[in-house]
Structures are given as structure tokens and as C-alpha cells.
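I opened my notebook to look at a metal site and one residue in a loop. Here is what I pulled up.

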Amino acid sequence: MPFDDYWYIVAESRELTPVRALARRVLDEWLVCFRGMDGAPTVLRDRCLHRHAPLSAGVLHNGLLSCPYHGWRYDGAGRVVDIPSLAGSDRPAHCSPPYPVIEQDGFVYVRVKRDAAAGIVPFPMPHYGEAGWLTLRLQNRFANSVANCVENFIDVPHTAFVHQGIFRSTRGQRLAATVRRSNAAVHVDYRNESDNLGSYRWFLNPRGHAIRHTDSFHAPNVTSVVYEIGARVFIITSQAVPVDDRETLVYTDLTYRFGAWNRLVAPFLRRHGQRIIDQDIEILARQGENIGRYGAQFRDTPADLIHRLVDSLRDAIARGEDPRALPAVEHEIEFCI
Ligand code: FES
Ligand SMILES: [Fe+2]
């Protein structure tokens, strides 16, 4: 069960239209994405069958994609429906086989392997489109691997440094958590969380209630951070898509239920969410550069157990194993922030 058995976001649904083709790269495969005449999403290799010009540089009209070089035209099933130089004569049947695609929760997912293992489905985005919930969607490019990105997204100790003030405003707090690995996921349940919201605090937790904070990782590439503060719930779900070994495109959903405040706070949450992500982009780019120079030989603290368990799942996938087969484990950890 290697990494290409899994589904990865290739575009947001709203980005794919019958008039503009998108160039994307997933697991080092070069892809062109568009909507065919029937509106269904299509993903083909970004390479014309004729002389291999990139199709993403072509013109998309009414769901038909014309190659920019000699004008071969492709439909949503990857079939060549027109070869201008053969006008009038018989056209041989050519087809660029489309990749498997699923459209779900406002995302278009692709699987770059055609004969992948059955039973793997895209991660369902929590509460997407549900009444009472709002989702703000962000897209960001990180100059680092999926492994280091997902580590960052559920890493608590860095928040006091990288996001000083805008995320966590206190220091010296002792956090305890239960960390579990089971069924290809890692779950972290924090206890005694009370003030980790920094400048969000005035709004999210004005009365200083206890915060229920749970993080999770879902192999191979999804993280979820959930804050429950009374009736208010704030969920950050990140899908880290491997462009190649050192570049990751991350789709982040900020999904929340704040009652009557939902629409009012959207611009504020989007701006602050992006500001926090920008800080992570910067530190991860620097880390990525150093790992590129010297490789990765990390040293651990108790908080890093979370990352070791995440690595154990991704390592199993890299070995071609099913990460769901790893034994369930549970640990208590404690650390200071
Ligand atoms: S390379 Fe695409 S039509 Fe010739
Ligand atoms: Fe961060």
C-alpha cells in the first residue's frame, strides 16, 4: 500500500471550469485538470500524445482541450476528438487515459496510480456544508516534505515561538496528553488546556473556560486540530498534498460553529489563519533547506512521541504495508510550553 494508493486533492471544485485548464503536480506526476462538456472533472497526464507539448498550456473551450502545439483536441474522457491536420480524412483512435477522480466536499481528488488497492477513500472533511457550520478554505505551498508539514500542523511546542502572541500568549504551562495510535491514525487528547488562543482569546474564550483540544493525524497526509469551547467548535483540517519530495501543497479548512457570529468573524479568522500559516511556511522553508543540506537526524523530547507515531504510519506505507495493521498503542506524555 504505497503512497500512490491514496487519494490526493488536485484542485478545489470551484477552480475547475470548462473554460480553463489547470496544471498541477501530485507525487511528481505532471497533471492537467479541467471539466469536460458534461461538467465532470478530468485529470490527464499533462502531455499531448502527439509530440508531448503540455496540454495545460492549451485552450479549453466548452470542455474540449486543444493542445497548444498542433491543435489536437481532447474531450473529458481523454479521447482525441479532433486532429486538425487530418481534416476530412479518417482519424485514428487515440486516448490519453484519465486518472481516477472523485469530487467530494468541494474538492477534486485524484489517484495517480490506476490499479490501486481497493477500499481507500478520500478523507471526509468534517462538517463541510452542514447547517450551522462555516468553512473557510486556504491553499498554501510549503517548501518542505509532507512528513515535516504534518508534523508542524499538530506540533504544540512551536506555537509559543513561531506564533508568539498571535496564537499562544502564555509560557511555562505544563500540558498533559494521551497519545493513541490505531487504525492508521494518531489521536492526541490534551488536558488542562486553558489559554492557547492568543489574540483569538477575547472572542473564542472570553470567560476563560477549559478548552477541549484534540489533534489527530490520518495517514497518509491529513491532520485535524479541534478546539471545543462550550458550544463553540473550531476545527482546522489540513490535507498535505505531495508535489514532490520537497514541496507540499496544503489545503486548509477552517471549519467552525460560532452561532450568530459565524459570518461576522469570517474575515478575521481568514486573515489570522493565513498569518499563522505564513509563519509556518517561513520556518518550514528554512528547515527544509537545512534538511536538504545535511539530511534529517532528529533528536526527540516527550512531545515528539506524537511525531514518531505519525512517522511509524508513514514508514509502513513507504514499505508497502497497510498502516492499519500496526498494533494499537497508547501513551501518556507531559511537556511544558
Ligand atoms: S504536440 Fe500536441 S498536437 Fe502536436
Ligand atoms: Fe504553526
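My entries on the metal site and the loop residue follow.

**Ground rules.** I am working with a predicted model, where local features need pLDDT of at least 70, side-chain atom pairs count only at pLDDT 80 or more, and totals for chains, interfaces and linings use all residues. Residues are numbered from 1 along each chain as its sequence is written, chains are lettered from A and ligands numbered from 1 in the order in which they are written, and side-chain values use heavy atoms, with hydrogens and water left out.

**Iron site.** I looked up the protein donors (N, O and S atoms within 2.8 Å of the metal, or 3.2 Å for Na, K and Ca; water is not among the atoms, so sites may look incomplete). For the iron ion (ligand 2) I found His-158 (NE2), His-163 (NE2) and two entries for Asp-280 (OD), at 2.1 to 2.3 Å. Their spacing in sequence reads H-x4-H-x116-D. His-163 sits in the loop between α2 (159–162) and β12 (174–182) and Asp-280 in helix α4 (residues 266–294), so this pair ties together parts 117 residues apart in sequence. I took helices as DSSP runs of H or I with at least four residues, and strands as E runs of at least two, numbered from the N terminus.

**Burial.** I noted that buried means under 20% relative accessible area (1.4 Å probe, protein chains only). His-163 is buried at 2%, and Asp-280 is buried at 6%.

**Asn-221.** I found Asn-221 in the loop between β14 (211–218) and β15 (222–229). Asn-221 is buried too, at 3% relative accessibility. Leaving aside neighbours within four places in sequence, its contacts (heavy atoms within 4.5 Å) include Tyr-8, Val-146 and Ser-238.

Conventions. Buried < 20%, exposed > 50% of the residue type's maximum accessible area, 1.4 Å probe, protein only.
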